[in-house]
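I set out to look up two things: charged side-chain pairs, and one of the sheets. My notes follow the order in which I checked them.

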Amino acid sequence: MPVMTAIIPARIDFESGTPRSPAFDDIYHSADGGLPQARTVFLEGNGLPQRWAGKPVFQILETGFGIGLNFLATWLAWLQQGDVERCGRLHFVSVEKHPPLRKDLVRALSPYGDVREQAAQLVAAWPPLVAGLHRLEFEAGRIVLTLALGHAAACLPQLTLAADAVYLDGFAPARNPDMWDAALLRHVARLCAPDATLATWCVAGAVRRALEHEGFSVSRQPGFGHKRERLVAHFDRIPRNAFPRRNASGRNPVLAHALNGPSSPGHALIVGAGIAGCLMAESLARRGWTIDLIDRHPAPAQEASGNPAGILRPVLSKDDNLASRLGRAAFLHSLRTLDRLQAATGLVEQRRCGVLHLAQDETQAALQEAIVNAQRYPDDYVRMLDASEASRLAAGSPAHGGWLFPGGGWVNPPSVCRAALAAGASRVRTHWNTTVDRLAFDGSWRALAADGTPLAEAPLAILAAGAHAHEFRHTAHLPLQCIRGQISLLNPDPFPEGTPVICGDGYVISGLAEGLCVGATYDTDDDPMPRDSSTQENLARLERLVREVVRTHSGRVGFRSVARDRMPLAGPLPGQEGLHALMGMASRGLVWSSLCAELVACWVAGEPLPLEWDIVQAIAPARFGAASR
Ligand SMILES: Cc1cc2nc3c(=O)[nH]c(=O)nc-3n(C[C@H](O)[C@H](O)[C@H](O)COP(=O)(O)OP(=O)(O)OC[C@H]3O[C@@H](n4cnc5c(N)ncnc54)[C@H](O)[C@@H]3O)c2cc1C
Ligand SMILES: C[S@@+](CC[C@H](N)C(=O)[O-])C[C@H]1O[C@@H](n2cnc3c(N)ncnc32)[C@H](O)[C@@H]1O
């Protein structure tokens, strides 16, 4: 089953009192009450909340997110416990093919006073309904919802977690057979940790037999409401030592961690304090890790991440390829990360003014329109504007329309670095003016200066060294290229407040204190100084995009690190135990870094991965082989 799917939101009928799906001809929860059903069938059926008590991380997998009542009941149960009984982080991973529109979610959840506050937070965080994984955090990151939007049969094989508990909650098997078939239940079992439990209201013989076949012991319990029975199951028929074989060759690193990993937060050293390294440090600090963050400069964001502004936008493609899927998930994740950091520190300088990607000719305009229509993107993600709509937003009366990404905008990357370091401050030791010459491993990783002086030591090391990332022995084999880029800052900025970022061949960002930002060049030389020929290129871009001429200017040069396949590198470096990469951020580091950092953090902390497995592989450093010893 292909991963790519246009998401068709649920149609919900509210007339009969209990929300009902006309498409499936079934109700979303028992007519005897949604929250009580969640508590009896799913929580009690899995021995919750008691079973998560005292655990650092607990992982729940659900089939069928629906209107989120099971999630809210689980969140409330966690809240109602004291801090000692609660687990440290509760991951709730749920797949859903037809998520409700935000307005329907509001209506469906409005009767539930017990979870009013949590429902309001869920509604506020509800993402644009686009395919893929959406990671939403609540309770300062201690409740983590990963919504996998798409067909369960396509999503489950792409998930990576080690579920401690499972909620099976499709519509009734007769009306919704896809959600209960043996192949799907095999994938559920693949994602279970040893001793996982499973619960459902469904006691159909075929479901019981399929679960038993996958290694569950199944029993029937008195049902909830008018139902005679419900099902509970225990994943206990597979010997513990058979688990690594069930998940051969590192296919499920989260499960490998559950079987062998350290149970307490660790200590990592990170080389590089650009946006990648700073977000990496914050991501681990939030999980209780201690970090040594090392950079050759006296402050963060002095190299590629030092521009006064960069664009936040996704990329779209006709075939919704891996780069588009990564870009979509990363774009939405970075918006949430920036909002979270802004709420925590007030330091993030950004504008969500929208991004308008103008078509350069009729053919491109037609292609842009075809992509939006074929993939049925919702308006809050992207919409196609015709030339006259575009000219109302953009200066210069564009000849063609283009894509408007209403949630996009620009951000000042140094401010993100400062915010990340402020948020993680108590756990991040910074080492400024410190150049790492090499890394050495003797049971733990040591960062060494050129004269051999040890700079920091930790069991885990992460290279986030931007354009210098390939200068280490362990990364020298990677096909990374440095691409020079110069932006121009022009004064005065002629555009009114709220003008969107305009893209096409290059971009124009308005609204910065430093002036109008126009960029950027792509050069293969290594000249670190701004030069006039690059300025002329940018001025020509400005004229083409918005037909403006602004003459007073200054410039800034940065170097992008670009992999041969133009995808980032995030994950373990093969054959180097405990050494991870977060590099190759190319021209998209402001969009990619937060999700890539989250991926590396989940990998090392043994938490559900925030990306589909095919994307995880597409950005794994292992795709380029291992360094020679
Ligand atoms: C002109 C230009 C325009 C761009 N526009 C956009 C945009 O609009 N949107 C977008 O998403 N992205 C954009 N990018 C890309 C984005 O800026 C980068 O992808 C991102 O900043 C890379 O971040 P980083 O942390 O990987 O690298 P960097 O910011 O370069 O950080 C690497 C850090 O590692 C440190 N370091 C390296 N080696 C060592 C060592 N041996 N010892 C100690 N410290 C070391 C360096 O000092 C540096 O601080 C643009 C890039 C350029 C150049
Ligand atoms: C009974 S409802 C889930 C109720 C939900 N757990 C709650 O707490 O509100 C069943 C859900 O399964 C979803 N569903 C049906 N078929 C699916 C499929 N093939 N893949 C993913 N989700 C599916 C439906 O859209 C519906 O939202």
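**Salt bridges and a six-stranded sheet**

I note first that this is a predicted model.

Entry 1. I began with the salt bridges, and the count comes to 37. The background is simple: side chains of opposite charge can pair when their charged atoms come close.

Entry 2. I looked up Glu 229 and found its side chain in a salt bridge with Arg 220, at 3.7 Å from N to O. Are the two partners buried or exposed? Glu 229 is partly exposed because its relative accessibility is 22%, and the limit for buried is under 20%. Arg 220 has 44% and is also partly exposed.

Entry 3. Next I took Asp 527, which forms a salt bridge with Arg 531; their closest N and O atoms are 3.4 Å apart. I read a relative accessible area of 24% for Asp 527, which makes this residue partly exposed. Arg 531 comes out at 21% and is partly exposed as well.

Entry 4. I then checked Glu 537 and Arg 541, a salt bridge with 3.7 Å between the closest N and O atoms. Where do these two residues lie? Both are in helix 15, residues 532–546, and they sit four residues apart, about one turn of the helix. I compared their accessibility: Glu 537 is partly exposed at 35%, whereas Arg 541 is buried at 10%.

Entry 5. I also traced a network of salt bridges. It links Arg 89, Arg 135, Glu 137, Glu 282, Arg 286, Arg 287, Arg 340, Glu 598 and Glu 607.

Entry 6. I turned to the sheet. It is open, has six strands in the order 19-12-11-23-30-29, and its pairing is mixed. Which strands stand at the edges? They are strand 19 (428–431) and strand 29 (569–572); each has a single partner strand, so one side of each has no neighbour in the sheet. Ignoring direction, I get an average turn of 15° between neighbouring strands of this sheet.

Entry 7. Within the sheet I looked at strand 11 (residues 267–271) and strand 12 (residues 290–294), which pair in the parallel sense over five bridges. For Ile 270, the bridge partner in strand 12 is Leu 293.

Entry 8. Last, I asked what helix 16 (residues 589–605) lies across. The helix lies across strand 23 (460–463), strand 29 and strand 30 (579–583). Helix 16 runs at about 170° to strand 30. I also noted that Glu 598, listed in the salt-bridge network of entry 5, has a number within the range of helix 16.

Notes
Residues numbered from 1 in each chain as written. Chains lettered and ligands numbered in written order. Predicted model: local features only at pLDDT ≥ 70, side-chain atom pairs only at ≥ 80, totals over all residues. Heavy atoms only, no water. Salt bridge = Lys/Arg side-chain N within 4 Å of Asp/Glu carboxyl O. Buried < 20%, exposed > 50% of the residue type's maximum accessible area, 1.4 Å probe, protein only. Pairing = 2+ DSSP bridges. Axes fitted to C-alpha atoms, helices over the stretch in contact; angles between N-to-C directions. Contact = heavy atoms within 4.5 Å.
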